[in-house]
Amino acid sequence: MNTAVLFDRYGDPGVLYPAEVPDPVAGPGQVVVRHTAIGVNPIDWKILSGEVRAYVPMDLPGGCLGVEGAGVVVEVGAGVRRFRVGDRVIRHGRPGAFREYEAVAASQEADELTLCPDRFSDEQAAVLPVAAGTAYSALRQVGLRPGERLLVHGASGGVGLAVVRLALLLGAGEVVGTASPARHGLVRAAGATPVGYGEGLAQRLAEHGPFHASVDCAGGAEPTGAAVRLVAGADRRVTIVPDAAAQARGVRFLEHLPLELSSTLDLIGTAPFELPIAARYPLEQAGEALAHSLRGGVGGKIVLVPGGEARRRATP
């Protein structure tokens, strides 16, 4: 049976429900992927709430979340040459991955499927697209160069930690990351200097600045103000959070690059790169996983585990 987690109306995580749906068939230019791990991200609950429906419309009823995952190709459609049955792949892009089996466009132009390097586990592969891919595009957008000093707001989240690690691979001279004190160990382990939130943040950051570039993974007035004060030039500041006020003050919104994930994997190469997995849930408990993400302060990534082994492996 093909288990999927669906929703029929916008709302909170409580509107999600598991259902048995027909097995997909690989049409021309498609492959069927059996997901072995699925990433959970803030964009999922933003889609579910209807907050971003103008940018990411959903076909309701029967909407399906999930913009990243990892799995194995189990069927190949006519005309597909890039993938074979048995290939381990990373699925990324449009929503729809909260299901055990999925038909996915296989062309490079569709940019929804990438071969998974052997070095990554299923869970690590599943959480790469949003965190590492977004981080890569952000760093390219601000034009980070070797030896430069980078400011990262929200450095203990999945994207923030990926920004820190990729910035160091690009040769950053120093990375300073804001985070709650409880998450300073994560930021420090990634290679950045942690600075705590709270009163006096701007002054504490100024002691490490000025900065050549900034990436804001948190959003809000305080990160925006710090970026404007401490980074000269709007072309060196970016936020991954849609915020008209930030853009009006000269902090540009992220633009994702074509073939983002494959470029990210090329940059990582054989360098050590691992994102912390904060919690695992069976696929059927996607609502609980989204509620966990919605509470914030996760300190890593949340993964859904499809299939019969899910309940034994889940550790929320």
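Here are some questions and answers about this predicted model.

The model is predicted, so local features need pLDDT of at least 70 and side-chain atom pairs count only at pLDDT 80 or more, while totals for chains, interfaces and linings use all residues. Residues are numbered from 1 along each chain as its sequence is written, and side-chain values use heavy atoms, with hydrogens and water left out.

Q: In which order do the 6 strands of the open sheet stand?
A: Let's start with the terms: strands (E, at least two residues) and helices (H or I, at least four) are DSSP runs numbered from the N terminus, and two strands pair if DSSP finds at least two bridges between them. The pairing in this open sheet is parallel. The order of the strands is 11-10-9-12-13-14.

Q: Why is one side of strand 11 and of strand 14 left without a neighbour in the sheet?
A: Strand 11 (193-196) and strand 14 (252-253) each have a single partner strand, so one side of each has no neighbour in the sheet. Strand 14 pairs with strand 13 (residues 237-239) in the parallel sense over 2 bridges. The place where strands 11 and 14 stand is at the edges.

Q: How many of the 5 residues of strand 9 are buried?
A: Buried means under 20% relative accessible area, exposed over 50%, and partly exposed in between (1.4 Å probe, protein chains only). Strand 9 is largely enclosed by the rest of the structure, because its buried residues number 4.

Q: Which residue is the bridge partner of Arg 149 in strand 10?
A: Strand 9 and strand 10 run parallel and are joined by 4 bridges. In strand 10, the partner of Arg 149 is Glu 174.

Q: At what angle does helix 4 run to strand 9?
A: Axes are lines fitted to C-alpha atoms, for helices over the stretch in contact, and angles run from 0 to 180 degrees between N-to-C directions. Helix 4 (residues 158-169) lies across strand 9 (149-153), strand 10 (174-179) and strand 12 (213-216). Its angle to strand 9 is about 170°.

Q: Are helix 3 and helix 9 roughly parallel or roughly perpendicular to each other?
A: The axes of helix 3 (residues 128-142) and helix 9 (residues 260-268) come within 9 Å and cross at roughly 80°. Angles under 35 degrees count as roughly parallel, over 145 as roughly antiparallel, 65 to 115 as roughly perpendicular and the rest as oblique. The two helices are therefore roughly perpendicular.

Q: Is Asn 2 buried or exposed?
A: Asn 2 lies in strand 1. Because its relative accessibility is 1%, Asn 2 counts as buried.

Q: Which backbone nitrogen does the side chain of Asn 2 reach?
A: A polar contact is a pair of N or O atoms within 3.5 Å; within protein, one must be able to donate a hydrogen and the other to accept it, and residues adjacent in sequence count only if both atoms are side-chain atoms. A polar atom of the Asn 2 side chain lies 3.4 Å from the backbone oxygen of Pro 22. At 2.9 Å, the side chain also reaches the backbone nitrogen of Tyr 101.

Q: Which residue does a cis peptide bond join to Gly 209?
A: Omega of this bond is about 0°. The residue in question is found in the loop between helix 6 (201-206) and strand 12. The partner of Gly 209 is Pro 210.

Conventions
Contact means heavy atoms within 4.5 Å.
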